[in-house]
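Subject: Structure handover

Hello,

Please find the structure below, with the sequence. My notes on it follow underneath.

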Amino acid sequence: MPEDIPFDRSFDLPPGRVEEVAPGVRRLLADNPSPFTFKGTVSYIVGRGRVAIIDPGPDDERHVAALLEAVRGETVTHVFVTHTHRDHSPAAAAVKAATGAVTVGEGPHRAARPLHVGEATRLEASADTAFRPDIVLPDGEAVSDSGWSLEGVATPGHTANHMGFALAGTPLLFCGDHVMAWSTPVVAPPDGAMSDYMASLRKLAQRPEDLYFPGHGGAVRDAPAFVAAYIRHREGREAAILHRLEKGAADIPTLVRAIYIGLDPRLVSAAGLSVLAHLEDLVARGAVATDGPASVTGTYRLVSG
Ligand SMILES: [Zn+2]
C-alpha cells in the first residue's frame with residue numbers, strides 16, 4: 001500500500017531533556033522505545049508555577065524522577081491521562097504520591113465491547129487496569145487552574161476510554177495515541193473499536209485545533225488535513241479487505257499478507273488485530289459475514305448485495 005499519509009518521523013528529543021514546544025508547554029521523553037511507542041512516551045507539562053502533567057508515562061523510576069526534576073519549585077496540581085495503556089498512565093500513581101496532584105481522565109480501563117465466550121483480552125499486557133482517575137472528565141468539560149484550562153475531547157477507538165485535551169485559547173490539542181505524526185496507532189479489539197475510532201477521527205476533523213501534540217513522536221502540524229488523510233487511509237484499508245474478499249473467503253492471516261506488504265514481523269499480530277477491528281465493523285454493517293462473532297480465528301466472506 002503506498003504511503004498515503006504525510007508522515008513526519010523527525011523527532012530527536014533525547015530521553016530526559018525538557019524542551020519547551022509551545023508557549024507554556026514543555027515535553028519530556030521517557031526511555032521506552034519500541035515498534036509501538038516509536039522513540040518512547042512523550043509526557044507534557046502545561047503551565048508555569050501551577051502546572052498540569054499530561055501522560056506521566058510508564059512505571060519507570062528514572063522518567064518519574066526526570067518529570068519531578070523538570071517541575072522542581074512548581075506545584076503539580078493535576079495529572080491528565082489520555083488513556084490507560086501501560087506506556088501512558090502507570091506513572092500517575094508515583095507523580096500523585098510525590099506531589100499530591102489530582103488525576104484526571106475519561107475513566108478506568110474497559111473493553112470497547114463485551115468479551116466473546118472464550119475470548120481473552122489479547123493485549124491485556126498493554127492495559128493499566130489499576131488507574132482510577134480522581135476526576136472523571138465528561139466529554140466537552142474542562143479542568144482549569146492558574147493560566148491554563150484543558151477541555152476533555154472524548155476520542156474512543158484506540159481504547160474505549162481515550163480522551164484528548166484541548167488547551168483553551170490556543171490551537172493545541174494533546175491527542176494521546178489517537179493521531180500521531182510518525183505512524184497510525186493500533187486499533188485492536190476488544191480494547192479498541194474501528195467504528196468508534198473512525199467516528200473520533202471525524203469529530204477531530206471538525207474541530208478548530210490545528211497543532212496536535214501526541215503521546216509518541218513529534219507534533220502533528222496542519223492537523224485537520226492530516227486527520228483527513230488518516231480517514232482516507234483507513235477507508236483504503238477497508239477497501240483493500242473488501243477487494244481481497246471479492247476473490248473468495250479468507251482468514252485474518254491471509255488478509256494481513258494481502259494488505260500489509262513489507263510489514264515489520266514484530267507488528268504482524270497487531271496488524272491482525274487491526275484487520276479484525278475493520279472486520280468487526282464490516283460485519284456490524286452487514287457487508288461481511290463470518291460464523292459466530294467476529295474473531296481472530298474466523299473466516300470471512302463478502303455478503304453479496
Ligand atoms: Zn496506547
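I begin with strand 5, where five of the six residues are buried, so the strand is mostly covered. Please keep in mind throughout that this is a predicted model.

Strand 5 has neighbours in strand 4 and strand 6. With strand 4 (residues 50-54) the pairing is parallel and comprises five bridges. One position to look at is Arg-50, which stands opposite Thr-75 of strand 5. Between these two strands the chain passes through helix 1 (residues 61-70), giving a right-handed β-α-β crossover. On to strand 6 (residues 102-105): strand 5 runs parallel to it as well, and three bridges join the two. Phe-80 has Val-104 of strand 6 as its bridge partner. Here the connection from strand 5 to strand 6 goes through helix 2, and this β-α-β crossover is also right-handed.

The metal site

Which residues hold the zinc ion? The protein donors are His-83 (NE2), His-85 (ND1), His-158 (NE2) and Asp-177 (OD), at 2.1 to 2.4 Å from the zinc ion. Along the chain these donors follow the spacing H-x1-H-x72-H-x18-D. Two of them show how the site links distant parts of the chain: His-85 lies in the loop between strand 5 (75-80) and helix 2 (91-99), while Asp-177 lies in the loop between strand 11 (172-176) and helix 3 (194-205), and the pair is 92 residues apart. Both His-85 and Asp-177 are buried.

The arrangement of the four donor atoms is irregular, because the angles they subtend around the zinc ion run from 86 to 171 degrees. A tetrahedral assignment would need all angles between 85 and 135 degrees, and the upper end of the range, 171 degrees, is outside that window. For reference, the ideal angle for four tetrahedral donors is 109.5 degrees.

The second sheet to look at

Strands 8 to 13 form an open sheet of six strands in the order 8-9-10-11-12-13, with mixed pairing. Strand 8 (142-145) and strand 13 (220-221) are at its edges; each has a single partner strand, so one side of each has no neighbour in the sheet. Within this sheet, strand 11 pairs with strand 12 (residues 211-214) in the parallel sense, over four bridges. Leu-172 has Leu-211 of strand 12 as its bridge partner.

Helices

Helix 4 covers residues 223-246, and its 24 residues should span 34 Å at 1.5 Å a residue; the end C-alpha atoms are 34 Å apart, so the two values agree. After helix 4 comes Gly-248, with a positive phi near 140 degrees.

Helix 6 (residues 268-284) passes the same kind of check: 24 Å is expected for its 17 residues at 1.5 Å a residue, and its end C-alpha atoms are 24 Å apart. Helix 6 is mostly covered, as 13 of its 17 residues are buried. Just after helix 6, Gly-286 has a positive phi of about 80 degrees.

Backbone points to check

Where is there a cis peptide bond? The bond from Pro-189 to Pro-190 is cis, with omega near 0 degrees. Pro-190 belongs to the loop between strand 11 and helix 3, and Asp-177 of the zinc site lies in that loop too.

Two residues that are not glycine take a positive phi: Phe-38, at about 60 degrees, and Asp-222, at about 50 degrees. Phe-38 is in the loop between strand 2 (25-29) and strand 3 (42-46). Its relative accessibility is 15%, so Phe-38 counts as buried. Asp-222 is in the loop between strand 13 and helix 4. In contrast to Phe-38, Asp-222 is exposed, its relative accessible area being 54%.

The whole chain

The protein has six helices and 16 strands. Its radius of gyration is 19 Å, close to the 19 Å that the globule rule gives for 305 residues, so the protein is as compact as a globular protein of that length. The C-alpha trace spans about 65 × 40 × 35 Å along its principal axes. Of the 305 residues, 53% are buried.

Regards

Technical notes: Residues numbered from 1 in each chain as written. Predicted model: local features only at pLDDT ≥ 70, side-chain atom pairs only at ≥ 80, totals over all residues. Heavy atoms only, no water. Donors = N, O, S within 2.8 Å, 3.2 Å for Na, K, Ca; no water. Tetrahedral: all angles 85-135°; square planar, octahedral: opposite > 155°, others 65-115°. Buried < 20%, exposed > 50% of the residue type's maximum accessible area, 1.4 Å probe, protein only. Expected span 1.5 Å × (residues − 1). Pairing = 2+ DSSP bridges. Right-handed = clockwise from strand over helix to strand, strands pointing away. Rg over C-alpha atoms; globule rule 2.2 N^0.38 Å.
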